[in-house]
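Visitor: I should like a close look at a single part of this structure, the surroundings of the ligand. Please begin there and then proceed outward through the rest of the chain.

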Amino acid sequence: METKTIAVLAGDGVGPEVMHEAVRVANAVVERFKRSTRFVEGLVGGSAFEEYGEHLPPTTLDLCKRSDAILFGSVGGPLHQAHLPKWQGCEANSILALRRNFALAANIRPARVYQQLLAGCPLKNEIVSEGIDLVIIRELLGDVYFGEKSTWSEGGRRYARDVGAYSEDQVAVVARVAFETARKRRGKVTSVDKANVMQTSKLWREVVRETHRDYADVILEDMLVDNCALQLVRNPGQFDVIVTSNLFGDILSDLAAALPGSLGLTPSASLNDERFGLFEPSGGSAPDIAGRGIANPIAQILSVAMMFRFSFDWVDEADALERAVEGALKDGYRTADIFVADGEKVSTAEMADRIIERLG
Ligand code: NAD
């Protein structure tokens, strides 16, 4: 039996607490489905800085290179300590470096509003009553973040420029991820751009349409980014898979992350074109609640489900895990961030226990 090696980088704040539970849940799934995995821990972020003086030490990077996937917690410290060397550049030196190192070009962020948690969704009931279950796929390695940057003065005025560029290959990689993802869901892709004014968007639209020829079973629609922002608030139920560029995706995925009601619920994945990936909660290290055993482990646990589904192709295992999470929520178990009066408040570890019990 093939053994999958997983680099476990818990990081800072609530990272180690939720990671401990996610690995426990993952092991329960692996045991049930008679799979073989090896979880190997590595230091990253502030905790790595304390030991090695850097946020992504070579030993951690080597571990990732030897692994089949990276399960990431979160990094970073409290905002009032941001000036300390331990925290300066922490995210860029760890997460961005890993993205670059492994060419993780596609970021996948699901936003799902569970029926049981409709009250936590900031949108009106009549808008969300049909439910929300969408995925945003964002290109991660191109656009204005990585193009030429400059600032200059001319005639006593200050100017700045960030050049945004895309190659057709960069667009095709994420378009394929979007169509493949839609095939395993409800079969619809919304490609979001600003093709009425931007050259990069015109190329984006063309390449997405060309790539679509290999996926005739998937419905493709184009949408301008300003309209997409409006539609995500007015009628989010219409979306299945949204695919978009780095800058638009950055903004839209944060908007969508607000819909489920807590960052403790939303996982994410960053994949390269060989489906090697980094899987992590969408939120940060939540220093305000760290060390109290009250963090919600669901985002980290659902990151494991995404790893099973996207990197290992373990679809039954991912389905079982997602069903168990839904079951625990349906039965009323709530960590503090999603607690409502009629639920039962549980700790980080108890939530993981309730999920393990529902694996069948
Ligand atoms: P945050 O996402 O850590 O927290 C925002 C809010 O969400 C807080 O109230 C927090 O308690 C809550 N929250 C987040 N995860 C939760 C969970 N699992 N359970 C319950 N509640 C949860 O954002 P922030 O406070 O702006 O940033 C804190 C630190 O995290 C900063 O140093 C920031 O740079 C870093 N950060 C890291 C990542 C990452 O590692 N990918 C992402 C974003 C922010």
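Guide: In this predicted model, an N or O atom in the side chain of E280 stands 3.4 Å from a nitrogen atom of the ligand. Two further pairs involve the backbone of the protein. A polar backbone atom of G284 is 2.7 Å from an oxygen atom of the ligand, and a polar backbone atom of V75 lies 2.9 Å from a ligand oxygen. The ligand would expose 810 Å² if taken alone, and the protein buries 71% of that area.

The shell can also be described by its members. The ligand is surrounded by 19 residues, and G77, E91, G284, A286 and N296 are the closest of them. By class, the shell comprises eight polar, seven nonpolar and four charged residues. G284 thus appears twice in this account, as one of the closest residues and through its backbone contact at 2.7 Å.

From the ligand one may turn to the nonpolar interior. The largest nonpolar core contains 64 residues, and those touching the most other members are I108, I137, F279, F308, L321, M351 and I355. The greatest contribution comes from helix α10, residues 298-311, which supplies nine residues. Both domains take part: at least three residues of the core come from domain 1 (1-111 + 262-360), and at least three from domain 2 (122-259). As a general matter, nonpolar side chains in soluble globular proteins tend to be buried together.

Several individual positions complete the picture. Helix α11, residues 315-330, includes V325. V325 counts as buried because its relative accessible area is 0%, and the limit for that class is under 20%. Between V325 and G360 there are 12 Å from C-alpha to C-alpha, with a separation of 35 residues along the chain.

The loop between α10 and α11 holds D313. The phi angle of D313 is near 60°, a positive value in a residue that is not glycine. With a relative accessible area of 39%, D313 is therefore classed as partly exposed.

A second residue of this kind is D143, in the loop between β5 (132-139) and β6 (149-154). Here phi is near 75°, again positive in a residue other than glycine. The relative accessibility of D143 is 7%, so this residue counts as buried. The two aspartates accordingly fall into separate classes of exposure, D143 being buried and D313 partly exposed.

Another loop, between β11 (267-271) and β12 (277-281), contains N272. N272 is buried, its relative accessible area being 10%. Its side chain makes two polar contacts with backbone atoms: the side chain of N272 reaches the backbone nitrogen of E274 at 2.8 Å, and the side chain of N272 also reaches the backbone oxygen of F102 at 3.1 Å.

Lastly, K202 belongs to helix α7, residues 199-212. Its relative accessibility of 35% is why K202 is described as partly exposed. K202 and C121 are 81 residues apart in sequence, and their C-alpha atoms are 34 Å apart in space.

Notes. Residues numbered from 1 in each chain as written. Predicted model: local features only at pLDDT ≥ 70, side-chain atom pairs only at ≥ 80, totals over all residues. Heavy atoms only, no water. Near = heavy atom within 4 Å. Polar contact = N/O pair within 3.5 Å; in protein donor to acceptor, adjacent residues only side chain to side chain. Areas by Shrake-Rupley, 256 points an atom, 1.4 Å probe, with all protein chains shown as cover. Nonpolar A, V, L, I, M, F, W, Y, C, P; charged D, E, K, R; others polar. Core = buried A, V, L, I, M, F, W, Y, C linked by side-chain atoms within 4.5 Å. Buried < 20%, exposed > 50% of the residue type's maximum accessible area, 1.4 Å probe, protein only. Helix = DSSP H or I, 4+ residues; strand = E, 2+ residues; numbered from the N terminus. Domains from an automatic or database assignment.
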